[in-house]
Amino acid sequence: MMAKIVFLSAEGDAQEVEAPEGCSVLDIAHRNGIDIEGACEGQMACSTCHVIVDPAWVSKLPAPCEEEEGLLDLVKGLTQTSRLGCQLTMIEALNGLTLQLPRRKSNLIFED
Ligand code: FES
């Protein structure tokens, strides 16, 4: 059975998608038309792949590295459970992982 991720839109709509092991959350979102930008394509140079992890899942994720924490500090609307989608890799134990998409996009490259 393929693992799943549940994405919750800022408006609260849930979308469950197939999440192959070894793929990043960003890749999985893009394959399924989920609206996460990911401007630097996972190079840890933008922070536009910001996702908010459901608190129930936080303890199951590896802690962010220093570079990820540095970028997260720049995210608008940062939360206690914010992560970069490109740095989260799907594993079987994350089957059912629930992620909230932020309401406001943060973008270091094209400031609005
Ligand atoms: S896609 Fe740019 S930091 Fe994740």
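**A five-stranded mixed sheet and its core**

Start with a single pair of residues: Val-53 has Leu-99, in S5, as its bridge partner. The model in front of you is predicted. That one bridge is a good place to enter the sheet. From there we can work outward to the edges, then turn to the core and the loops.

Val-53 belongs to S3, where the side chains alternate. His-50 and Ile-52 point one way, while Val-51 and Val-53 point the other way. All four of these S3 residues are buried. S3 and S5 are joined by 2 bridges and run antiparallel. S3 also pairs with strand S4, residues 82-84. Here 3 bridges join the strands, and the sense is again antiparallel. Within this pairing, Val-51 has Arg-83 of S4 as its bridge partner.

Now cross to S1. This strand runs parallel to S5, and the two pair over 4 bridges. Two residue pairs help to fix the register. Ile-5 has Leu-97 in S5 as its bridge partner. Val-6 stands opposite Thr-98, also in S5.

Val-6 has a partner in S2 too, namely Glu-16. S2 covers residues 14-18 and runs antiparallel to S1, with 5 bridges between them. The two strands form a hairpin, and 5 residues lie between them. Gly-12 sits in that turn with a positive phi of about 100°.

The faces of S1 are not alike. Ile-5 and Phe-7 make up the covered face. Lys-4, Val-6 and Leu-8 make up the uncovered one.

Put the pairings together and the sheet appears. What is the order of its 5 strands? The order is S2-S1-S5-S3-S4, in an open sheet with mixed pairing. S2 and S4 stand at the edges, each with a single partner strand, so one side of each is left without a neighbour in the sheet. Neighbouring strands are turned against each other by 35° on average, direction ignored. Strands of a sheet pair through backbone hydrogen bonds, either parallel or antiparallel. This sheet uses both senses: S1 and S5 are parallel, whereas S3 and S4 are antiparallel.

Next, the sequence view. The protein has 2 helices along with its 5 strands. Read along the sequence, the pattern is β-β-α-β-α-β-β. The radius of gyration is 13 Å, close to the 13 Å that the globule rule gives for 112 residues, so the protein is as compact as a globular protein of that length. Its C-alpha atoms fill a box of roughly 40 × 30 × 25 Å along the principal axes. Contacts often span long stretches of chain. Among those between residues at least 6 apart in sequence, 67% join residues at least 24 apart.

What of the interior? Of the 112 residues, 28% count as buried. The largest nonpolar core has 20 residues. Ile-5, Val-25, Val-51 and Leu-99 have the most contacts inside this core. The elements that give two or more residues to the core are strand S1 (4-8), helix H1 (25-31), strand S3 (50-53) and strand S5 (97-100). H1 gives the largest share, 4 residues.

Val-51 shows how these parts meet. Which residues does Val-51 contact, leaving aside its neighbours within four places in sequence? They are Val-25, Ile-36, Arg-83, Gly-85, Leu-99, Gln-100 and Leu-101. Among them, Arg-83 is also the S4 bridge partner of Val-51. Val-25 and Leu-99 are core residues listed with Val-51 for the most contacts.

Finally, look at the loop between H1 and S3. Most residues other than glycine have a negative phi. Two residues here depart from that pattern. Glu-41, in this loop, has a positive phi near 55°. Ser-47 lies in the loop between H1 and S3 as well, and its phi is positive at about 90°.

Are these two residues buried or exposed? Glu-41 is exposed, with 12 other C-beta atoms within 10 Å. The cut-off for exposed is 12 or fewer, so Glu-41 meets it. Ser-47 is buried, with 27 other C-beta atoms within 10 Å. Buried needs 20 or more, so Ser-47 qualifies.

Methods:
Residues numbered from 1 in each chain as written. Predicted model: local features only at pLDDT ≥ 70, side-chain atom pairs only at ≥ 80, totals over all residues. Core = buried A, V, L, I, M, F, W, Y, C linked by C-beta atoms within 7 Å. Contact = placed C-beta atoms within 7 Å. Rg over C-alpha atoms; globule rule 2.2 N^0.38 Å. Pairing = 2+ DSSP bridges. Axes fitted to C-alpha atoms, helices over the stretch in contact; angles between N-to-C directions.
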